[in-house]
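Student: Could you take me closely through a single part of this model, and then connect that part to what surrounds it?

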Amino acid sequence: MSSPTSRRNSCRGTGSGSRASSECHVRRRASSCSYFSSSAQTEDFSVSLSQSMFTITLRFLLAIDLWLSKRLGMCACEESPWGSIRPLVRLVEFSGHVIPWLFGTLYTLLRGETAAEQEIMLNLALALLLDLLLVRVVKTLVRRRRPAQNRSDILSTFFVERYSFPSGHATRAAMCARFLLSQLVDTASMRVLVVGWAILVSLSRLLLARHYVTDVGFGLAMGYCQYSLVERLWVTWDCLQDILLMRLRERINRAYGGLWMADWKH
């Protein structure tokens, strides 16, 4: 027979043991959840002595990129430190979207009064399409996920973009800014306005936590270099008319050739 005191001690020990085990279990679940949430957001930055110096440096730079991008996401949601200006930042973001740029360029192309204006707008439209193609190719090859702080909005639900590297807004802002500076803008005040717009569009991607810092940096460099390719592939209005006339003549010759062959057979 065990005494009441020993039974109380044993019950106390069992209760404390169960509480300790449950607390340990909760701690393990919490630690595992935090580990998986961080690992789902970032790459594994663990460093071992067997890795090369290049790999260690790359992982260190990626860790800095992640930390800096997280610190800059001040408008990621309404509860963020700068969440009150989130609508304004989203408006700046929309100014760098491809849809208004394409519609505006095509409208100006169709409403152009001179051949020179139509030629510039035609090459701007081709440059925007080239930007979409190159950014899509790089994103498909790299396949980097967007930051976890990114919050989907009404616009992003219609244009779902899974990959982050590089920033299409940054490439478009840099390319369009250089295009405008070279072809249309001729005053100092307008140059400052265009450059400031490109910087604000790129910064909005970081404030809204849409991209990492390296996404935006590489996008700016890529967009700047894209304009050099646009200059090399510049399509003149006369060249376009010659190409269209040549294609039209080929189709007419094929049509008449088919009619002549049909008459000859009959």
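Tutor: Helix 7 is largely enclosed by the rest of the structure, because 13 of its 16 residues are buried, where buried means under 20% relative accessible area, exposed over 50%, and partly exposed in between, with a 1.4 Å probe and protein chains only. The end C-alpha atoms of helix 7 are 22 Å apart, which agrees with the 22 Å that its 16 residues should span at 1.5 Å a residue; the expected span is 1.5 Å times one less than the number of residues. Helices here are DSSP runs of H or I with at least four residues, strands are runs of E with at least two, and both are numbered from the N terminus.

This is a predicted model, in which local features need pLDDT of at least 70 and side-chain atom pairs count only at pLDDT 80 or more, whereas totals for chains, interfaces and linings use all residues. Residues are numbered from 1 along each chain as its sequence is written, and side-chain values use heavy atoms, with hydrogens and water left out. The pLDDT, the predictor's confidence in each residue on a scale from 0 to 100, has a mean of 76 over the protein, and 67% of the residues reach 70 or more. Residues 1-45 have pLDDT below 50, and this stretch makes 14 contacts in the model beyond near neighbours in sequence, a contact being heavy atoms within 4.5 Å.

Just before helix 7, the loop that follows helix 6 (154-158) contains P166, and the peptide bond joining F165 to P166 is cis, with omega about -5°.

Helix 7 (168-183) is also one of the helices that each supply at least two residues of the largest nonpolar core, together with helix 4 (98-110), helix 5 (115-142), helix 8 (188-207) and helix 9 (213-232). A nonpolar core is a set of buried Ala, Val, Leu, Ile, Met, Phe, Trp, Tyr and Cys residues joined through side-chain atoms within 4.5 Å. This core has 25 residues, of which W101, L128, C176, F179, W197 and V230 touch the most other members, and its largest share, seven residues, comes from helix 5. In soluble globular proteins, nonpolar side chains tend to be buried together. One link back to F179 runs through V230, which is in contact with N123, A127, L130 and F179 once its neighbours within four places in sequence are left aside.

Within helix 5 lies A125, which counts as buried at 7% relative accessibility. Leaving aside neighbours within four places in sequence, A125 is in contact with L102, T105 and L106, and its C-alpha atom is 8.5 Å from that of W101, although the two residues are 24 apart along the chain.

Two of the loops around these helices each hold a residue with an unusual sign of phi to inspect. R143, in the loop between helix 5 and helix 6, is not a glycine and yet has a positive phi of about 60°. A209, in the loop between helix 8 and helix 9, likewise has a positive phi, near 60°, without being glycine, and at 3% relative accessibility A209 counts as buried.

Helix 2 (residues 53-72) offers another view of burial: its 20 residues reach 28 Å from the first C-alpha to the last, close to the 28 Å expected at 1.5 Å a residue. The buried residues of helix 2 are D65, L66 and S69, and they fall within an arc of 95° seen down the helix axis, so they line one face; the arc is that of the directions from the helix axis to the C-beta atoms. On the face turned away from this buried side, helix 2 carries the exposed residues M53, F60, W67 and R71.

As for the cysteines, a search of the whole structure finds zero disulfides, a disulfide being a pair of cysteine sulfur atoms within 2.5 Å. The sulfur of C75 has its closest cysteine sulfur in C77, at 9.6 Å, too far for a bond. C75 is buried with a relative accessible area of 0%, and C77 counts as buried at 18% relative accessibility.

Across the whole protein, the secondary structure comes to ten helices and zero strands, and 31% of the 266 residues count as buried. Among contacts with a separation of 6 or more, 73% are between residues 24 or more positions apart.
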